[in-house]
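Okay, thanks for coming, everyone. I'll put a structure up and just talk you through it.

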Amino acid sequence: LENLHSSGGRPSIEKKARRQKIPISDETWEAITSLTNILRAEGISVSPGQMANAIIRQGLVQLAAIPG
């Protein structure tokens, strides 16, 4: 979420290169939406798509840190 920035409207992801459609289960999307709603309740304007991007990026960072 540290990559979100706002210029007055909805925050966007810095260095956004492209939109990619990926298959995702209803259960996973509901979990992402639930997390998004928690942040919105805290005053952070973020979309479910932005939340999904942040989760994927964090997962990739953690996977890259695994030796091997």
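Let's start with Arg-19, which is exposed because its relative accessible area is 74%, and anything over 50% counts as exposed. Keep in mind as we go that what you're looking at is a predicted model. Where does Arg-19 lie? Find the loop between β2, which is residues 12-13, and α1; Arg-19 is in that loop. Now look across to Gly-49. Along the chain, Arg-19 and Gly-49 are 30 residues apart, and in space their C-alpha atoms are separated by 9.8 Å.

Okay, let's zoom out. The protein has two helices and two strands, and if you start at the N terminus, the order is β-β-α-α. There are 68 residues, and 19% of them count as buried. As for the contacts, take the ones between residues at least 6 apart in sequence: 37% of those join residues at least 24 apart.

Now on to α2, residues 48-64. That helix has 17 residues, and from its first C-alpha to its last it reaches 24 Å, close to the 24 Å you'd expect at 1.5 Å a residue. Which residues of α2 are buried? Those are Pro-48, Gln-50, Met-51, Ala-52 and Ala-54.

Two of those names come back in the core. The largest nonpolar core has five residues, and Met-51 and Ala-52 are in it, together with Ile-32, Leu-39 and Val-46. Helix α1, residues 26-41, and helix α2 each supply at least two residues of this core. As general background, nonpolar side chains in soluble globular proteins tend to be buried together.

But what about Leu-60, buried or exposed? Leu-60 also sits in α2, and it counts as exposed because its relative accessibility is 53%, with the cut-off at over 50%. Leu-60 has company out there, too: with Ile-22, Ile-56, Leu-63 and Ile-66, Leu-60 makes a nonpolar surface patch of about 510 Å². And here's a bit of helix geometry to go with that: an α-helix has 3.6 residues a turn, so residues three or four places apart point the same way.

Last thing, the surface as a whole. The protein exposes about 5600 Å², and carbon and sulfur atoms supply 55% of that.

So, if you take two pictures away, take the core with Met-51 and Ala-52 in it, and the nonpolar surface patch with Leu-60 in it. That's me done, thanks.

Definitions and conventions: Residues are numbered from 1 along each chain as its sequence is written. This is a predicted model: local features need pLDDT of at least 70, side-chain atom pairs count only at pLDDT 80 or more; totals for chains, interfaces and linings use all residues. Side-chain values use heavy atoms; hydrogens and water are left out. Patches are made of residues with over 30% relative accessible area and no salt bridge: like charges are joined within 9 Å, nonpolar side chains (Val, Leu, Ile, Met, Phe, Trp, Tyr) within 5 Å. Accessible areas come from the Shrake-Rupley method with a 1.4 Å probe; for residues, only the protein chains shown count as cover. A salt bridge is a side-chain nitrogen of Lys or Arg within 4 Å of a carboxyl oxygen of Asp or Glu. Helices (H or I, at least four residues) and strands (E, at least two) are DSSP runs, numbered from the N terminus. Buried means under 20% relative accessible area, exposed over 50%, partly exposed in between (1.4 Å probe, protein chains only). The expected span of a helix is 1.5 Å times one less than its number of residues. A nonpolar core is a set of buried Ala, Val, Leu, Ile, Met, Phe, Trp, Tyr and Cys residues joined through side-chain atoms within 4.5 Å. Contact means heavy atoms within 4.5 Å.
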